[in-house]
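Student: Please pick one part of this structure and look at it closely. Then work outward to other parts in one connected account.

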Amino acid sequence: MNINAILRYYPFLIFLIFISCKSTQTPTESQENVEVTGVPTIPVPIIPEEEEVLQKPEWLVTPGEYNPSRTHYFHLVNTLLDVSFNWDKQYLNGRAELTLKPWFYPQKEVILDAKGFDIHSVLLANLKDSISLKYEYDSLKLKIFLDKEYTRFDQFKISIKYTAKPNELPEGGSAAITSDKGLYFINPTRKNPNKPQQIWTQGETEASSCWFPTFDAPNVKTKQEIYITVDTAFQTLSNGKLISQRVNANGTRTDYWKQEKVHAPYLFMMAVGKFSKYSEEKWNGIPVNYYVEKEYAQYAKKIFGNTPEMMTYFSDMLDYPYPWDKYSQIVVRDYVSGAMENTSASIFMEQLQVDDRYLIDQNWDDIIAHELFHHWFGDLVTAESWANLPLNESFATYAEYLWLEHKLGREEADLKWKEEWETYLFESESKRVPMIRFGYHDKEDMFDSHSYAKGSLLLHMLRKIIGDEAFFASLQKYVKENAYKTTEVHDLRMSFEDVTGQDLNWFFNQWFMEASHPSLNVAHTYYDSGFVELRVRQMQDEKFSPIYELPVFVDIWVDGKRERHKVVVSEKRKDFWFETGKKPDLLLFDAETYLPCEIDYLKSTDEFIYQFYHSDKILARLEAINELKSDLGDSQIKPLVLAGLEDNFWKIRQAALEAFEDYKGDDKDIIGEKIERIALSDNNSLVRAEAINVLSTLGIKYLNTVESAMKDSSYAVIATALYAYANMGGPDPVAMVSQFEDSNDLSIIITIADFYSYIGVPGKLDWFDEKMATRGSQELPYLINYFGSYLLGRPSETKQQGVKILRKFFSYDSDANTKIAAYKALDLLSEEEGVSQLMEDLYLNESNKKAKSFYENVIKG
């Protein structure tokens with residue numbers, strides 16, 4: 001599952017341990033790293049300690065009751081499903097045949113998860129003459145009374161006929177997975193002419209039991225068979241191999257999919273619709289396919305085309321070839337999350353359907369790598385409980401880093417590290433919890449930036465501590481020993497300990513079992529005796545956070561030469577001494593830039609300048625230029641920023657450009673010419689876009705350059721140029737912007753919508769209507785918001801026409817967020833005749849509980 005991808009459609013818009021022993025030696029002996037006692041008394045600056053915290057921090061989350069892993073009463077040996085659909089009612093008609101075997105103790109009854117079904121019959125199916133079984137059903141659990149007591153040496157089958165009615169279930173979900181009804185009908189009655197008919201499933205966390213009866217828990221594994229009956233115009237996709245297709249007498253077709261290898265029920269998937277299928281050459285004999293809508297068939301290879309290389313890379317890294325019968329990737333409409341790693345058939349949100357010009361600015365390799373890596377970490381080796389979710393999601397998120405490092409180099413990968421750190425850090429302001437937490441209040445709480453972002457940072461740190469060879473050998477051991485099984489975090493720890501020979505409880509206890517992260521105050525002082533003192537203070541509150549053991553690298557440059565030291569910060573106050581002979585040019589703490597810590601380290605301008613020019617780590621160089629670039633009046637800093645404009649790495653060039661926004665220096669024209677060249681010729685589209693943005697602040701003389709940028713191949717550059725042109729006061733901006741009305745790129749559409757709503761350009765109802773009709777549920781609410789703002793300044797007649805457009809979303813769009821956005825827009829127009837009554841009628845007739853709750857709050861005011 002990937003939840004981060006939803007937030008990053010357009011990046012330019014969302015602008016080992018070294019044992020430190022005490023010594024009685026004097027600081028005259030040169031050692032790599034020495035902690036010295038008995039040195040002469042020297043006045044040492046004291047870093048003030050944190051003030052006493054008198055109350056619980058805002059981020060402290062009180063744990064709930066203990067949530068154990070599901071108790072096993074049966075082995076679910078095989079699950080056979082036979083399903084068909086009632087599109088008008090949005091029902092699934094099903095038969096489930098479950099092959100069961102008692103786990104250890106004799107059993108006389110079976111209790112299955114089955115949410116919101118009509119149960120038609122329950123039979124004991126392993127006899128020539130099937131026996132009806134008694135059962136009790138409360139709409140959530142199906143309790144079946146067996147004909148006798150069965151032992152662990154017995155195996156039997158139960159057949160259940162049922163109707164699943166997902167839209168009649170109570171509405172649930174979370175920020176990560178916005179709905180939990182398991183089975184979704186998209187445009188089932190074809191009221192929306194701009195949206196295809198589709199059916200798809202989403203099982204995580206425990207929503208598979210909304211469309212078939214099962215033991216819906218992550219520590220259950222089963223083989224799978226499914227017969228899917230559909231109209232012959234539709235394709236189907238499910239787990240495993242397509243064994244057969246049979247055309248029926250009534251004009252329907254039944255597809256039979258079978259997966260012989262066991263996996264968890266939450267990974268069952270089904271998709272039905274009209275798709276274009278692109279097939280790669282088989283990977284080691286395994287089919288690799290991409291399913292997209294017809295309009296995007298020509299781009300499928302460009303979107304997903306790195307998949308075979310990823311399969312090779314991950315297989316080699318883990319010394320365990322991709323283990324499933326095929327790998328299919330399918331893009332669906334109105335998906336409820338970013339993507340999902342259903343075994344052998346991952347589902348993706350519709351935002352992956354892009355053209356080749358979009359791919360100039362960014363690709364979707366991160367989400368593609370994430371879901372693929374789950375096929376080892378999650379599908380093959382599965383976390384036994386939701387409390388252990390980081391065993392799935394931390395690895396899949398770290399796979400994004402690993403792929404970038406392999407394909408584009410460490411600099412790009414470290415930018416991903418920074419992104420994950422900032423994502424976690426933002427969440428940590430209001431929530432800090434242990435990574436492995438059995439006391440969650442709701443299983444959906446586990447799908448947060450701890451399980452994803454922070455977990456990936458911890459894996460990267462562990463890799464740096466023990467070394468690459470040991471790290472990847474440990475992963476190989478973990479995967480091989482636990483294939484087709486379920487695990488908890490201690491299984492992972494033991495794999496690392498078996499490989500390294502080290503006791504790693506200290507690492508897993510402080511990082512996985514405790515909440516929060518270190519906050520460090522770092523300072524250093526050079527003394528005439530030829531020694532540097534490095535002082536590290538852990539400032540986090542000990543009442544709520546541990547004192548961490550932090551192996552870390554320290555780089556010290558003297559006369560242009562670097563020496564690296566490995567130290568361990570293991571106390572609240574820790575001092576280290578290094579013999580340098582003379583004052584260092586730079587002391588760089590966390591020289592490998594892997595510590596997930598807040599670090600307060602005051603350095604001089606000269607030190608930051610040296611850091612920019614001499615560190616080989618992109619995050620250290622970015623820190624330096626971002627720290628310095630606001631002071632262009634300094635004669636040392638300006639040449640550095642100018643050098644940044646020509647740096648080999650695009651992110652440095654982009655950071656350097658930002659320094660020249662609204663630049664007023666005497667050499668403004670010379671600087672402008674440099675930036676103009678970058679805007680026209682840089683090989684990175686996001687750098688070109690930033691250059692256009694900066695030019696718009698330097699004067700009208702660059703208007704022609706901005707206008708010429710509208711012919712760029714990059715959507716990012718065009719969208720930025722449109723904003724720049726309007727902000728610079730270019731002639732007839734309406735005519736200029738309207739030239740791009742036919743674009744289907746979201747960044748350009750949003751730019752135009754923003755412009756039209758701000759300026760109040762008349763006559764654009766049809767344009768808004770057309771663009772809103774073609775956007776998916778994750779993008780549509782943004783456009784509706786702009787549309788509501790646009791209508792505010794229009795004449796009454798136009799507003800009434802706008803109301804008719806908004807009303808459509810309540811008749812054929814089932815997405816709650818779309819309806820809420822439309823209701824907000826209507827509320828802006830509530831003074832118009834009939835609008836208040838319309839809003840009340842919509843409220844009374846609304847079946848979506850999330851939308852209805854919002855309407856109720858608005859009405860109550």
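Tutor: A residue is buried when its relative accessible area is under 20%, exposed when it is over 50%, and partly exposed in between, using a 1.4 Å probe and protein chains only. Helices are DSSP runs of H or I with at least four residues, strands are runs of E with at least two, and both are numbered from the N terminus. The model is predicted, with local features needing pLDDT of at least 70 and side-chain atom pairs counting only at pLDDT 80 or more, while totals for chains, interfaces and linings use all residues. Numbering starts from 1 along each chain as its sequence is written, and side-chain values use heavy atoms, leaving out hydrogens and water.

The part to study is helix α4. This helix covers residues 365-373, and 9 of its 9 residues are buried, so the rest of the structure largely encloses it. The stretch opens with Asp365, Asp366, Ile367 and Ile368. Ala369, His370, Glu371, Leu372 and Phe373 complete the buried set.

What does α4 lie across? The answer is β20, β21 and β22, with α4 running at about 145° to β22. Angles here run from 0 to 180 degrees between N-to-C directions, and axes are lines fitted to C-alpha atoms, for helices over the stretch in contact. Contact means heavy atoms within 4.5 Å.

Those strands belong to an open sheet. Its 5 strands follow the order β18-β19-β20-β22-β21, and the pairing is mixed. At the edges sit β18 (276-279) and β21 (339-340), each of which pairs on one side only. Two strands count as paired if DSSP finds at least two bridges between them. Strand β22 (residues 345-348) runs antiparallel to β21, and 2 bridges join them. Within β22, Phe348 is the bridge partner of Ala339. A second helix also packs on the sheet: α2 (residues 307-318) touches β19 (288-292) and β20 (327-331), and its direction makes about 140° with that of β19.

Next, strand β17 (residues 270-273). Met270 and Val272 point one way, Ala271 and Gly273 point the other way, and all are buried. Strand β12 (residues 198-201) is antiparallel to β17, with 3 bridges between them. Strand β14 (residues 235-238) also pairs with β17 in the antiparallel sense, over 4 bridges. Gly273 links the two pairings. Gln198 stands opposite Gly273, and Gln235 stands opposite Gly273 as well.

The loop between β11 (183-186) and β12 holds Asn187. Asn187 has a relative accessible area of 8%, so it counts as buried. Its side chain reaches the backbone nitrogen of Lys191 at 3.3 Å. That is a polar contact: N or O atoms within 3.5 Å, where within protein one must be able to donate a hydrogen and the other to accept it, and residues adjacent in sequence count only if both atoms are side-chain atoms. Beyond neighbours within four places in sequence, Asn187 is in contact with Asn192, Lys195, Pro196 and Gln197.

Thr163 is a second buried polar residue to inspect, at 7% relative accessibility. Thr163 is found in strand β10 (residues 156-164). Its side chain makes a polar contact of 2.8 Å with the side chain of His120. Apart from residues up to four places away in sequence, Thr163 touches Tyr91, Leu92, Asn93, Gly116, Phe117, Asp118 and His120.

Now helix α18 (residues 715-727). Its 13 residues reach 18 Å from first C-alpha to last, close to the 18 Å expected at 1.5 Å a residue. The expected span is 1.5 Å times one less than the number of residues. The helix is mostly covered, with 10 of 13 residues buried. Among them are Tyr715, Ile718, Leu722 and Tyr725. The cover includes α3 (358-361), α16 (685-695), α17 (703-708), α19 (733-738) and α20 (746-759). Ser714 caps the N-terminal end, a side-chain oxygen lying 3.1 Å from the backbone nitrogen of Ala716. Just after α18, Gly729 takes a positive phi of about 80°.

Helix α9 (residues 489-500) has 12 residues and reaches 17 Å, close to the expected 16 Å. Its buried residues are Val489, Leu492, Arg493, Ser495, Phe496 and Glu497. They pack against α5 (390-408), α7 (450-466), α8 (468-482) and α10 (505-512). Gly501, just after α9, has a positive phi of about 75°.

Last, the cysteines. Cys210 is buried at 2% relative accessibility, and Cys597 is buried at 6%. A disulfide needs a pair of cysteine sulfur atoms within 2.5 Å; the count is 0 disulfides.
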